[in-house]
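Q: I am new to this structure and would love a close look at one part of it. Could you walk me through it in a friendly way?

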Amino acid sequence: MSFIGWRMFSYWRSFLLHWKKYRRLESVTTENLRSVAVPFVKIQITTRGAAGSFEVIERGIDNVIALADEAPEFYGRFLSVEVVTESEAQGERLLKAFAHAPVEVDVLVIPSEYQTPAGTQMKARGLHYAVEQRRALWNRKPGRTFIVHYDEESVMVPGELRKLMGCLAETPSSILEGPIFYPLDYLQASPMCRSMEANRPIGCYECRHVMEAGTPLHLHGSNLVIEESLENEIGWDIGCLDGEPFIAEDYVFGMKAFTRYGGDIFGWHGCVMLEQPPFSVRSAFKQRYRWVFGVLQGLADLKRSSRFGALSATTRFALLWGTRYRIASFAMGCVVSVLSFAVLPAFLTKTVASIYLNQAAPLPGPASAWLSLVGMMWIGSVFVGAWHNLADSGLDGSTRKTEIARAVVAAPIAGLIESSAALWAVLAWARGTRRVSWVPTPKTLEADAAQTRKG
């Protein structure tokens with residue numbers, strides 16, 4: 001618990017001391033943007049084009065258009081949307097749907113026979129296809145340009161997009177991230193999944209710290225903003241690891257950027273992206289497993305890199321053991337949960353006896369105080385995360401309070417489930433498992449049910 005407690009402490013230190021840096025609170029108007037040099041901004045959505053993805057992609061683009069409708073001539077000069085898809089039918093449908101949009105909506109359909117020079121697969125294959133097209137001057141803009149990476153279901157509301165553009169007009173950074181909340185289709189997800197997602201927003205407080213410190217121990221692939229010239233230079237042609245494709249391409253890209261240019265290129269933009277929770281526990285478990293397994297792949301690749309070997313011993317230690325600590329504290333949550341369920345009844349009985357029957361306490365006072373603090377930080381993190389997720393959900397106040405309470409009550413079981421996925425990934429890696437598969441988390445209830453039926 002102490003091992004995990006120090007991780008929780010890092011969340012809360014950022015939350016309590018630096019909360020003003022976490023999310024940009026000052027509003028930015030169109031008139032504000034007219035007075036600054038806004039760079040070109042390309043919203044890139046990379047998708048396989050699976051069933052149900054069109055509707056969620058459309059939702060994200062609709063919010064971009066809602067912003068552009070405020071001043072079409074102004075936003076049309078520098079804002080555009082690019083969809084990279086494996087589905088020709090989806091591409092045609094998107095072009096037809098947004099043919100008269102106030103901003104340019106382009107579609108790249110990845111040829112089925114396309115291969116990168118290094119044999120990259122999964123999502124990175126699509127990302128690199130877009131890079132190759134840009135290197136060939138596709139949709140080239142005459143000035144500083146940023147790529148804002150969306151997942152299929154990602155949404156930035158107009159107010160947050162204006163804040164992002166204001167930030168990009170003045171930032172010296174080339175790779176930036178911001179917080180992600182999970183209010184979309186909230187009530188359609190299972191209660192256990194809602195509780196699991198409550199752990200994620202407060203984790204972004206730690207993300208803010210590592211991005212501003214310039215040591216990218218974690219990158220999430222959505223709400224990731226990269227200067228186009230840098231992305232074109234590095235590319236996403238990350239290849240494979242021992243014949244198996246990478247499934248955490250964002251982490252691998254971040255490490256490649258860091259080992260080339262150091263930490264000064266990283267930053268935090270603080271503009272919120274909205275996404276949706278997985279709909280079923282099965283999907284959530286698979287998602288967590290992929291996260292951890294993918295980072296373990298990335299670590300193995302990092303250690304083989306000549307650029308990594310050229311870094312100082314202190315920097316190598318921070319990158320390796322900082323990442324390992326994050327993984328271990330996640331996976332050990334499963335062990336702590338199981339032991340807590342087994343030990344807690346006896347512990348509470350002895351605690352009550354020590355209070356009312358003057359018997360010896362089960363632990364010395366300082367140890368009891370520390371474990372109590374760890375427990376409060378954990379429950380508090382679920383509360384804060386649920387509060388963030390529900391703030392943008394559109395639910396009434398009474399329902400939000402009920403859902404926050406439900407997330408907190410379900411947290412012991414939800415925490416056990418998602419930490420067991422992390423532990424399973426660690427054990428699989430330790431056993432020598434290297435085979436991977438990438439099946440995107442379903443974006444609709446129907447797609448989730450269909451995937452469950454397929455097994």
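Leaving aside its neighbours within four places in sequence, which residues is Thr 323 in contact with?

A: Happy to help! This is a predicted model, in which local features need pLDDT of at least 70 and side-chain atom pairs count only at pLDDT 80 or more, while totals for chains, interfaces and linings use all residues. Residues are numbered from 1 along each chain as its sequence is written, and side-chain values use heavy atoms, with hydrogens and water left out.

Setting aside neighbours within four places in sequence, Thr 323 is in contact with Leu 217, Tyr 251, Val 295, Leu 299 and Ala 318; contact means heavy atoms within 4.5 Å. Thr 323 sits in helix H15, residues 313-356. Helices (H or I, at least four residues) and strands (E, at least two) are DSSP runs, numbered from the N terminus. Thr 323 counts as buried because its relative accessibility is 2%; buried means under 20% relative accessible area, exposed over 50%, and partly exposed in between, with a 1.4 Å probe and protein chains only.

Now follow the chain to the loop between H15 and helix H16 (365-391), where Leu 357 lies. Leu 357 counts as exposed because its relative accessibility is 59%. Together with Val 352, Ile 355 and Tyr 356, Leu 357 forms a nonpolar patch on the surface, with about 490 Å² of accessible area in total. Such patches are made of residues with over 30% relative accessible area and no salt bridge, where like charges are joined within 9 Å and nonpolar side chains (Val, Leu, Ile, Met, Phe, Trp, Tyr) within 5 Å. A salt bridge is a side-chain nitrogen of Lys or Arg within 4 Å of a carboxyl oxygen of Asp or Glu. Accessible areas come from the Shrake-Rupley method with a 1.4 Å probe, and for residues only the protein chains shown count as cover.

Another buried residue to look at is Cys 193, with a relative accessible area of 0%. Cys 193 belongs to helix H9, residues 191-197. Not counting residues up to four places away in sequence, Cys 193 touches Pro 278, Phe 279, Ser 280, Val 281 and Ala 284. The C-alpha atoms of Cys 193 and Ala 411 are separated by 10.0 Å, although the two residues are 218 residues apart along the chain.

Finally, look at helix H6 (residues 88-97), where Gln 90, Gly 91 and Leu 94 are buried. The face of H6 turned away from its buried side carries the exposed residues Glu 88, Ala 89 and Lys 96.
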